[in-house]
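Reader: I would like to go through this structure with you step by step, asking about single residues as well as larger elements. Could we have the sequence and the model in view before we start?

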Amino acid sequence: MSSEKLSLLDSIEPTDSRTQEDKKETELTDFGYSRQYKKVRISVKEGVLEKEQVDVIVNSTSDKLELRHGRGSKALLDAAGAGLQAECKQKYPMGIQKGDVAVTGPGNLRCKFIFHGSLKRYGSQDAEKIHMAFISKCLKGLDSKKLSSIAFPGLTTGLHKFPKKVAAKNTCCALAQYIDANPNTRVKEVRFVIHAEDKETYEAFCDAIKVWDLNPNLGIERKEICRFKMNQISVTIKVDKIEEERVDMIVNSVNKSLDLDKGSLCKAIITAAGSKVAEECRRDHASGVSEGNVVVTSAGNLKCEKLCHACVPPHEQKSNDVSVKVLQKIVIKCLEKADKKQLTSVALPALGTRYNNYPPRVSAAGVLKGIDQFSKSHTRSSVKIVVIVLYGGNQHEEILKAFVDEAAPYQGACSGPERGTQEFCRQQYQIELHPPEYWTEYTSDKSVKSWKADCDDDSFKLLDVDSTTYKAVEKLVQSTWQSKKLGHGRDAKGLSDLNYTSINVLKVQRLENIDLYENYCHFCSSLFNKAGVIGVFDKLSSISQGSKDIFTTDCLEEDSVLKKELYPEINEHFLFHGTKPETYKKILSQGLDFRMAKEYGMFGQGVYLAESSTKADQYTDPRTTRNKGEKRMFLARTCLGKIHLAKEKKEKLQRPPCFQTGCESDSCEHSERQRCDSVVGEGEWLFREFVTYHHYQTYPEYLITYDRI
Ligand SMILES: [Zn+2]
């Protein structure tokens, strides 16, 4: 441990709570940190948990109490002896609920009891709550047994994949809450024993203990409060940890001397950013920053690109208006810095509250007026997104209310950029992905990411649709059916012998496959980005005068459920894809993967889709064994993006051609942005062809089962 590091610790000192034996065993390892919180000594050490001499050792294992599950648990079992597993099975034959405590004797360990618990993976529902509640239950268990010392592993940092910092912070938070709520607790000593190989967890726990009661955002519930527009800027107000915000620039609040160790917000940001930022401040801004001014530095380990350090002067007690203006000017300066660096998104705290004692209303008015004024005076600015991150702390409720009240006049005034505009595409690109509103298994109240974190398997759901959707899909099948074209063309071979004139929909099911959907959304998102840069993509009828718009979309009525969440801006359409009996199951789990195609069509190797159910029907059985049995076709969401219109066949295409005038080659050196995203074949043949060249450019949302009549 470097001496510089130690010097940073005011109230922290080397632990002295070891026995002689402990010292021998851990001679070569670090001696750890400890601190006193009220009557409790809390320490972090490198070591071997099962060797600790305490009243209770905590063990993290599976909910079935299979102690071989998990590295720590297995090591503990090996040290305690096989009787421990037998005791678990005998006392808890059904296992335990997530977050509950199972109590056993110590086996061969030098403690009095072992508390076992089973926790949840990071990101899954209530994982953080369950983790914190478990710590609290362990302390309560210790108290109820009238015991005083307990040793924990670095809970949740292994199998449960919590970011180490989150695990450490939540742990401190749970401890503080328990100690605060139980002033008469007998608990005297809490030890975190981290394996010597796990430096990162060790550091995270040490750091969390260092900043602990300086960090008021421990334990706040993260949530989005509201979202509204101020001219071209979308503003979000949320309760969260600003240092974890994914934006281009985070605004920090500092004192004149740029002393990053002062102020709780600043400390939290700098702890997360790392020491390089502090070094940069000392080196490049040795004279500090004057009141009302801002300086920009790199952002160290933060997820943003830049940190903007704003020096808020003391609150003008005599006049709130003066203070509002001061904050307003600072906010504008911050946004101007972001604009100068061509950044898009900025996170702001409730400037002036806490350290500077600005009343919450003054902070809210200053921050929001600053953004508003900037949006009016910098209409062409690169800054499009501002997130106001409220941070918890003593005045949390008051601050929240002040911002919500101040934001009220802006809400509803404008509901976002107009559909069909470049601006709309740019905004769509920034949006967090959610499943469609009408999905019933993976519902839209959770983001795609949190759904994925929650489900450990990759299974998909095939669900019967409601009657409105059924009717809409059936109607689309019927209205795009072209009986006159039935049986004509090379791919229709054998069909005219079957003697049928139409098809009859038997079943419509919706595929909810979160992996596939996420990939599809990412593809759409990249197209929104492209449209935001080069302009909204032309629809077919605008590309060529003689071309009709896509039949499947044209047939949809304005209020059709199939039009919900369909984005014409990126040429997203529902298109049919006929599938043979042996392949549809593969498509449900893997999507339309042209890499598996046995032969390529008129426009090379891609996924071929149809705007007419008659055409899709041609591909639902082999040409040599046509029959009238049950058939299947998909109605797939497809984002065609920038369309290349081909009048002749191009069998050698491996990807869509470039759209540079005079080039239009699929093998040129022009950039990907200058490449089309799909090919529509419209020539002297019976049906138009719609071809995509990317595995995730289609999402096979509806499976239609039908027969020929
Ligand atoms: Zn080119």
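Reader: Is S62 buried or exposed?

Author: This is a predicted model, and S62 lies in it within the loop between β3 (56–60) and α3 (71–80). Leaving out residues up to four places away in sequence, S62 touches H69 and S118. Its relative accessible area is 10%, and because buried means under 20%, S62 counts as buried.

Reader: Where does Q97 lie, and how many Å separate Q97 from K64, C-alpha to C-alpha?

Author: Q97 has its place in the loop between α4 (83–91) and β4 (102–104), and with a relative accessible area of 59% this residue is exposed. Q97 and K64 are 33 residues apart in sequence. In space, the C-alpha to C-alpha separation of Q97 and K64 is 8.8 Å.

Reader: What is the phi of K161, and in which loop is K161 found?

Author: K161 belongs to the loop between β6 (149–152) and α6 (164–181), where, at 56% relative accessibility, this residue counts as exposed. Its phi is positive although the residue is not a glycine, and the value is near 60°.

Reader: Turning to helix α10, how does its reach from first to last C-alpha stand against the expected value, and what is that reach?

Author: Helix α10 covers residues 320–340 and therefore has 21 residues, for which a span of 30 Å is expected at 1.5 Å a residue, counting one less than the number of residues. The reach from its first C-alpha to its last is close to that expectation, at 30 Å.

Reader: What is found at the two ends of α10, and which residue just after the helix takes a positive phi?

Author: At the start of α10, a side-chain oxygen of S319 comes to within 3.3 Å of the backbone nitrogen of D321. Just after the helix there is a positive phi of about 60°, and the residue that takes it is Q342.

Reader: Which elements do the buried residues of α10 pack against?

Author: The buried residues of α10 include V324, L327, I330, V331 and L335, and among them are also the polar S323, Q328 and D339. They pack against one helix and several strands, namely β10 (249–254), β11 (294–298), β12 (306–311), β13 (345–348), α11 (360–377) and β14 (385–390).

Reader: Among those strands, how is β12 paired, and how many of its six residues are buried?

Author: With β10, β12 pairs in the parallel sense over six bridges, and I250 stands opposite L307 of β12. With β11 the pairing is antiparallel over five bridges, and here K306 in β12 is the bridge partner of S298. The strand β12 is largely enclosed by the rest of the structure, because the number of its six residues that are buried is five.

Reader: In strand β16, which residue shares a polar contact with the side chain of R510?

Author: R510 has its place in strand β16 (residues 503–512) and is buried, with a relative accessible area of 4%. Leaving aside neighbours within four places in sequence, its contacts include Y438, W439, K461, L463, E701 and Y702. The polar contact, which is 3.0 Å and joins two side chains, is with E512.

Reader: Which protein residues donate to the zinc ion, and what is the geometry of the site?

Author: The donor atoms are SG of C658, C663 and C668 together with ND1 of H670, lying 2.1 to 2.3 Å from the zinc ion. In sequence these donor residues are spaced C-x4-C-x4-C-x1-H. The angles among the four donor atoms run from 102 to 114°, and because four donors count as tetrahedral if all angles lie between 85 and 135 degrees, the site is tetrahedral.

Reader: Is the zinc donor C668 buried or exposed, and how does C663 count?

Author: C663 has a relative accessibility of 26% and so counts as partly exposed. E664, in the loop between β20 (643–646) and β21 (678–681), also counts as partly exposed, at 45%, and has a positive phi near 50°. C668, with a relative accessible area of 18%, is buried.

Reader: For the protein as a whole, what percentage of the residues is buried?

Author: The protein has 20 helices and 23 strands, and its C-alpha trace spans about 90 × 70 × 45 Å along the principal axes. Among contacts between residues at least 6 apart in sequence, 73% join residues at least 24 apart. Of the 709 residues in the protein, the buried share is 54%.

Terms used. Residues numbered from 1 in each chain as written. Predicted model: local features only at pLDDT ≥ 70, side-chain atom pairs only at ≥ 80, totals over all residues. Heavy atoms only, no water. Helix = DSSP H or I, 4+ residues; strand = E, 2+ residues; numbered from the N terminus. Buried < 20%, exposed > 50% of the residue type's maximum accessible area, 1.4 Å probe, protein only. Contact = heavy atoms within 4.5 Å. Polar contact = N/O pair within 3.5 Å; in protein donor to acceptor, adjacent residues only side chain to side chain. Pairing = 2+ DSSP bridges. Donors = N, O, S within 2.8 Å, 3.2 Å for Na, K, Ca; no water. Tetrahedral: all angles 85-135°; square planar, octahedral: opposite > 155°, others 65-115°.
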